[in-house]
Amino acid sequence: MADPKQEAIEVIHSWSAPRSLSTSLMYSFSQRDDIEVLDEPLYGTFLRVTGVERPYREDVLSKMECDGNKVVDNIIYGPGKNRYRYCKHIAKQRVPGLPNDLLQKGKHFILIQNPLNILSSFEKVVPPSFLELGLGDLVSIYSELCALGKPPPVIDAADLQQNPEDTLRGLCKDLDIPFHDAMLRWEAGPKPIDGLWAPWWYKSVHNSTHFASPRKYPRPFPFSFYDLLEQSLPFYNLLKRNVRQTSSLLRSPLPVPDLPVPENAKLLAWVGDEIVPRESAKVSVFDSVVQGGDAVWEGLRIYNRKIFKLEEHLDRMFDSAKALAFINVPTRDQIKEAIFRTLNANGMFDNTHIRLTLTRGKKVTSGMSPAFNQYGCTLIVLPEWKPPVYDNESGIKLVTATTRRNSPNNLDSKIHHNNLLNNILAKIEGNNANADDAIMLDKDGYVSETNATNIFLVKKGRVLTPHADYCLPGITRATIMELVVKEKFELVERRISLSEFHAADEVWTTGTMGELSPVVKIDGRIIGDGKVGPVTRRLQNAYKKLTEESGAPIPTNPET
């Protein structure tokens, strides 16, 4: 007959890789008066099933229950005298054949530690390997719990060291158990709850009485484990994205922002020669775009399964790359194929904008010289669900920036390069004035363009736009100029002063991202009657019709 004093117990599972402060955390929970603790109850099963060698292998096999079913049913989920049972698990110990109840029942959380820190001390007992670290197993456990509708809290060992009380309070809240102040300290020395392997692994934690502050500077990394670090870090980083809070030298105090289009939280981008998820879409710190903004780019829009003006944009990209003396540039067909594959992978065939970037590529060492670029160019295809970024119905407001547009004497704006500081400084002025964008003047005080778009005005039925001497000759600009002529308006391209824009009947801007955007106010002056004008509307309609009728079709697999 069962002991009447024993009853069903609520089990809390801690899953981690080795050397992740898991024993310190076990000691922390053991200080509570409402909990009992089990130190790696699956260790014997792990040794029996895998056959791995340990200095204490025979001792563990002879003294621990090694039948996984019995461990789960009778030890982990067996009755107990306390309200809670805390089970410390190392992820790799969840071997095949264990009962489903192990994950389906109880409360679970994940404890992670940067493998950069794990590997510095791991080999004291066992030679490190990817399987011994078990980060892949840890990700599998996290994924399976999420699939069961039980996404586990994730905490980082760095947070336990940096701010133990807040981290423990947050963990207890996520587990729906009360926090106890006693969890912050424990006595030094071996504990009755220690596993048989404690003499080999627990020397440092036996000297501790609390979660110690992290070292200010890391130990020298054993570079013989460099490849293992590269293999392991992606798994750590994947889990780290789900941490309640993170400790970092440069941690931002800002909350995670909302995205303008929430659907873009999960997208696929092309980087280099592969398609990767959003959070993995990164370039090397040695890439020229990081080292000096040394790249060219284009903005593309997708309408109804077609890419508008694709060939024209690629023409300009190749011209810009040639002007900057890029070498080992991908072919036109290769770039197209990367675009098509990325759009297909995302299922993006309409209402989509692509930021297409070609960098000079990765360098063999940091520095300015293109002679260091010996790997070839880096191609980036970044698609987003993105409607036009301006208010094209009611109109936008502009101010004039004090920042002047670059002169061809310094950096020719006809090169569509990524070094956009000139434009960004003007945009800052626009932001500070609560305007949608900022007009930029050339060195002589004539209007060039805005920080992001080309600009047009209408005066007495004539359409005027500045020469493309100090501005980018935009693809959308050229398209609108063609439509102006087609719609039987007079088109004039000349130098235009700022006062002419102030006194215009209508003004609009053009760009791939925003299309044709009416301007209703400049520097506090109302343009025309402050409403979208008839010429603007007519050209908006003509442009819309053109996007519906033309473009490069996006190839897809035939239906099967």
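The points below describe a predicted model of one chain, moving from its overall dimensions to two backbone details.

1. Because the model is predicted, local features are given where pLDDT is at least 70 and side-chain atom pairs count only at pLDDT 80 or more, while totals for chains, interfaces and linings use all residues. Residues are numbered from 1 along each chain as its sequence is written, and side-chain values use heavy atoms, with hydrogens and water left out.

2. The radius of gyration of the chain is 31 Å, whereas a compact globule of 560 residues would come near 24 Å (taken over C-alpha atoms, the globule rule being 2.2 Å times the number of residues to the power 0.38). The C-alpha trace spans about 100 × 55 × 50 Å along its principal axes.

3. The chain holds 20 helices and 21 strands, which are DSSP runs numbered from the N terminus, with H or I over at least four residues for helices and E over at least two for strands.

4. Of the 560 residues, 49% count as buried, where buried means under 20% relative accessible area, exposed over 50% and partly exposed in between, with a 1.4 Å probe and protein chains only.

5. Two residues other than glycine deserve a check of their backbone angles. Glu40, in the loop between strand S2 (35–39) and helix H2 (43–50), has a positive phi of about 50 degrees and is buried at a relative accessible area of 5%. Lys460 lies in the loop between strand S15 (454–459) and strand S16 (462–465); its phi is positive, near 55 degrees, and Lys460 is exposed, with a relative accessible area of 73%.
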